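Trainee: Could you walk me through this structure, and show me how each label is earned?
Mentor: Gladly; let us take a look together.

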Amino acid sequence: MDIFASRQKKLRGHIRQSKADALLVTNHYNVTYLTGFTGEDAYLLLTLDGATLVTDRRFTIQLAEECPGLALIVREPGQMMIPTTCELIQKLKIDRLAIEAASMSVATQQAIAEKLEGVQFVLTTDLVEGLRLIKDKTEIEATRIACEQAAKAFAAARALIRPASTEKEIAAELEYQARRFGAKRLAFPPIVAVGTRSALPHAPPTDKRIDSDDFTLIDWGADSGLYLSDLTRMVVTGRLSPKFKKVYQVVLEAQLAAISFIKPGVNCEQVDKRARDVIEKAGYGSNFGHGLGHGTGLQIHESPRFAKGQDKVLLEAGMIVTVEPGIYLDDWGGIRIEDDILVTKSGCEVLTSVPKQLEDCILS
Ligand code: ZN
Ligand code: ZN
């Protein structure tokens with residue numbers, strides 16, 4: 001059985017448990033996860049004994065390459081998505097239709113309800129996302145590649161940083177280098193934040209020059225095709241101040257404490273707390289204003305999350321999660337260190353290999 005057939009099989013168990021006859025998958029990433037199809041504008045109708053993708057003529061060649069053998073309904077120009085999908089649901093005599101409540105719009109649901117009188121909707125959340133939590137071999141391998149591409153792109157872009165480089169130029173260099181090393185693109189618009197701008201956890205790159213301050217925060221990742229990486233490193237381009245040294249060591253200590261704690265069975269709030277305790281003890285508790293990390297995969301922010309309130313979520317082997325503590329001081333700047341961690345049967349493995357000791361930050 002190929003990976004898509006085995007994912008569909010697992011999902012059928014959940015559809016049965018929801019007492020539905022079929023699930024209409026409308027979340028684009030979930031369609032990709034279940035079929036391998038990466039194009040847009042496709043719905044997958046997964047019944048208890050089959051699967052049909054509703055797509056359109058633009059994708060026929062791509063579909064033959066990405067998911068040969070999958071049953072298709074190819075819409076012709078002018079044939080609309082909702083009526084076509086409704087015809088299929090009627091033809092298959094589906095009475096109880098599960099839908100993805102988190103991704104289907106109210107307008108779409110109403111349009112389907114109007115066309116399919118008598119069909120009962122079963123609202124579901126996280127059916128497919130629940131499967132996506134645990135990565136299989138192919139997903140882990142694709143993430144490893146994304147981590148390597150990010151590391152190579154960073155090394156190459158970092159070597160080209162000059163006093164006159166701007167945040168935007170470094171961001172562009174990262175994008176170019178990632179593609180040179182085989183990535184499809186960067187995993188998300190990178191953050192390159194010089195000095196005080198690094199106090200904004202999500203700073204978009206500007207024309208600010210590297211030599212306008214002493215250090216720069218860079219948060220980037222690669223998309224190896226489907227799977228993503230997500231890292232943050234600091235680059236000291238000017239004077240290495242005692243304050244930078246001190247804050248950096250606290251963040252690094254917090255990150256290492258959390259990573260060493262990661263293993264199956266540990267709850268996600270506890271991992272966050274491990275890092276938070278180190279930062280609080282150093283007196284910077286109020287300057288760490290976000291959760292410790294998030295899952296990555298087909299999307300850059302997935303479950304699980306390392307944060308307060310996540311004490312019911314237990315780590316399992318096969319999860320991939322970032323660990324990214326940060327300390328942000330207004331009028332000075334922010335320091336964050338971020339790596340991607342695979343939970344293994346016996347503990348964890350850090351997938352990202354970019355050096356992160358204090359001396360590694362210094363641009364020679
Ligand atoms: Zn990041
Ligand atoms: Zn992140």
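**Metal site and a helix**

Mentor: The zinc ion (ligand 2) and the zinc ion (ligand 1) are 3.2 Å apart, with D230 coordinating both. This is a predicted model, where local features need pLDDT of at least 70, side-chain atom pairs count only at pLDDT 80 or more, and totals for chains, interfaces and linings use all residues. Residues are numbered from 1 along each chain as its sequence is written, chains are lettered from A and ligands numbered from 1 in the order written, and side-chain values use heavy atoms, leaving out hydrogens and water.

Trainee: What makes D230, H294, E324 and E338 donors of the zinc ion (ligand 2)?

Mentor: Donors are N, O and S atoms within 2.8 Å of the metal (3.2 Å for Na, K and Ca); water is not among the atoms, so sites may look incomplete. The atoms here, OD of D230, NE2 of H294, and OE of E324 and E338, lie 2.1 to 2.2 Å from the zinc ion (ligand 2), so they qualify.

Trainee: Why is the arrangement around the zinc ion (ligand 2) called irregular?

Mentor: Four donors count as tetrahedral if all angles lie between 85 and 135 degrees, and as square planar if opposite donors are over 155 degrees apart and all others between 65 and 115. The 4 donor atoms subtend angles of 78 to 150°, so the arrangement is irregular.

Trainee: Why is helix α2 described as largely enclosed?

Mentor: Helices are DSSP runs (H or I, at least four residues), numbered from the N terminus. Buried means under 20% relative accessible area (1.4 Å probe, protein chains only). In α2 (residues 28-35), 6 of the 8 residues are buried, so the rest of the structure largely encloses the helix. They are N30, V31, T32, Y33, L34 and T35.

Definitions and conventions:
Tetrahedral: all angles 85-135°; square planar, octahedral: opposite > 155°, others 65-115°. Buried < 20%, exposed > 50% of the residue type's maximum accessible area, 1.4 Å probe, protein only. Helix = DSSP H or I, 4+ residues; strand = E, 2+ residues; numbered from the N terminus.
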